[in-house]
Amino acid sequence: MDTIELDNQYVMHTYGRFPVVFTHGEGCFLYDENGKEYLDLLAGIAVCGLGHCPPKVVEAIREQAGTLMHVSNLFHTQPQPKLAKLLCEAAGMTKAFFCNSGAEANEAAMKLARKAAKVAGHPEKTEIITAEQSFHGRTLAAITATGQPKYQKSFTPLVPDFKYVPYNDVDALEAAAGEKTCAIMMEPVQGESGVHPATKEFLQAARELCDTLGAVLIFDEVQTGLGRTGKLFGYENYDVVPDVMTLAKTLGGGFPIGACLARGKYADVFEPGDHASTFGGNPLACAASLAAVTEILEGGWVENAREVGAYFAERLRKLPGITEVRAMGLMIGADIDKPVAKQVVAKSLEKGLVLNATGESTLRFVPPLIITKELVDRAIAIVSDEL
Ligand code: PLP
């Protein structure tokens with residue numbers, strides 16, 4: 001049986017996969033079973049920020065894998081606190097909790113917010129406000145937080161006490177927030193629904209409401225974090241600092257890891273027994289992440305994301321057939337004047353270009369942060385032929 005037949009027979013059908021089997025990758029390129037080369041503008045859905053198999057991350061994984069991979073969180077290991085220090089200092093946060101994915105990081109953040117209210121003597125504060133069209137992951141609480149009924153409808157009843165407001169609607173947010181609110185959770189830029197940046201007024205209003213109500217402001221930076229938006233963290237584009245932020249995707253340089261970071265008094269809400277993850281923060285994941293985050297900080301890749309992202313967005317704006325481009329760094333959404341996004345993605349794949357459609361007429365580009373203007377030109381030539 002070949003790979004695709006095996007997959008069809010033995011893997012649960014949760015993904016609609018393209019008929020390609022990738023066998024290896026290097027930098028911005030992927031290669032399939034037949035040796036065909038693909039320029040990758042999806043980067044494992046905004047995960048491979050340093051491209052495929054970044055040498056320093058590969059080296060760190062090799063070394064750590066031969067030293068110590070896992071012992072559980074009942075003991076100390078060296079990479080975990082080192083990574084916590086690096087992330088907290090870079091993000092202006094106080095302490096970190098480590099897990100394995102974005103959804104898990106958001107679970108930690110939401111549990112932290114509910115417990116913070118109880119610790120503060122307000123057990124009635126249980127409501128979490130999120131945005132319509134948001135995306136926070138696939139666990140039960142994370143899909144509840146995700147303001148998209150299409151992801152929720154098969155799995156009801158959902159987790160109680162969530163409210164949704166239209167993204168960037170300050171009046172709706174003010175109307176929804178109240179004495180029962182324990183957290184407002186927002187993405188600085190909504191990615192999954194086609195790259196929609198928040199307005200400064202909206203995130204500022206969220207900050208002020210949380211301050212007034214004693215609620216936790218959570219930013220889901222799973223996709224926006226670590227350079228994607230042309231700043232190290234998405235929140236830096238807004239001058240609004242959250243109390244709690246979540247990271248995953250680019251955090252491991254391709255290796256699975258998630259983190260929930262908290263600031264000030266929120267850093268000490270969890271006590272032993274409150275929250276845990278068997279695999280979370282294991283030495284292998286943390287060593288990979290230490291190498292990846294260090295390279296993002298020292299390699300100039302955040303600046304590259306800003307500069308090449310601006311160039312990419314400008315080139316897209318000039319393409320006939322593109323009606324709107326929304327961009328922040330290398331997080332770019334482009335609307336097409338016809339509902340052909342899925343065909344554009346399929347035809348580009350045939351021509352050796354990996355893209356993503358987030359809707360009938362919207363393309364999303366989240367390439368590695370290391371991409372060059374020359375590679376952007378190569379991609380634009382293929383996309384423009386298909387519009
Ligand atoms: N939050 C955001 C903003 C995301 O974009 C995603 C995934 O796309 C998630 C959370 C969920 O992350 P994971 O798939 O690692 O659970």
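**Cavity, pocket and ligand shell**

Student: How do the residues of the lining of the largest cavity divide by class?

Tutor: The lining has 4 nonpolar, 9 polar and no charged residues. Here Ala, Val, Leu, Ile, Met, Phe, Trp, Tyr, Cys and Pro count as nonpolar, Asp, Glu, Lys and Arg as charged, and the others, Gly among them, as polar. The model is a predicted one, in which local features need pLDDT of at least 70 and side-chain atom pairs pLDDT 80 or more, whereas totals for chains, interfaces and linings use all residues. Residues are numbered from 1 along each chain as its sequence is written, and side-chain values use heavy atoms, without hydrogens and water.

Student: What makes this space a cavity and not a pocket?

Tutor: On a 1 Å grid over the protein atoms alone, a cavity is a set of points where a 1.4 Å probe fits but cannot get out, while a pocket is an open set with protein on both sides within 12 Å along at least five of seven lines. The count comes to 1 cavity of 30 Å³ or more, and the volume of the largest cavity is about 50 Å³; volume is the space filled by probe spheres set on grid points joined across faces, edges and corners. Its lining (residues with an atom within 4 Å of a point) comprises 13 residues, with S72, N73, G281, N282 and P283 nearest the centre.

Student: What is notable about the backbone at S72?

Tutor: S72 is not a glycine, yet its phi is positive, about 85°. S72 belongs to the loop between α3 (55–65) and α4, where helices (H or I, at least four residues) and strands (E, at least two) are DSSP runs numbered from the N terminus.

Student: Which residues lie nearest the centre of the second largest pocket, and which element gives the largest share of its lining?

Tutor: N73, Q80, A96, F97 and F98 lie nearest the centre, among 28 lining residues. β4 supplies the largest share, 4 residues. The pocket has a volume of about 840 Å³, and its lining divides into 16 nonpolar, 9 polar and 3 charged residues.

Student: How do you know that K249 makes a polar contact with the ligand?

Tutor: A polar contact is a pair of N or O atoms within 3.5 Å; within protein, one must be able to donate a hydrogen and the other to accept it, and residues adjacent in sequence count only if both atoms are side-chain atoms. A polar side-chain atom of K249 is 3.0 Å from a ligand oxygen, so the pair meets the distance limit. For Q223, a side-chain N or O atom lies 2.9 Å from an oxygen of the ligand. At F135, a polar backbone atom is 3.3 Å from a ligand nitrogen.

Student: Which helix gives the most to the shell around the ligand?

Tutor: Helix α5 (residues 102–119) does, with 3 residues. The shell (residues with a heavy atom within 4 Å) includes G102, A103 and N106, and divides into 3 nonpolar, 6 polar and 3 charged residues.

Student: Why is the bond between T156 and P157 called cis?

Tutor: Its omega is about 5°. P157 is placed in the loop between α7 (149–152) and β6 (162–165).
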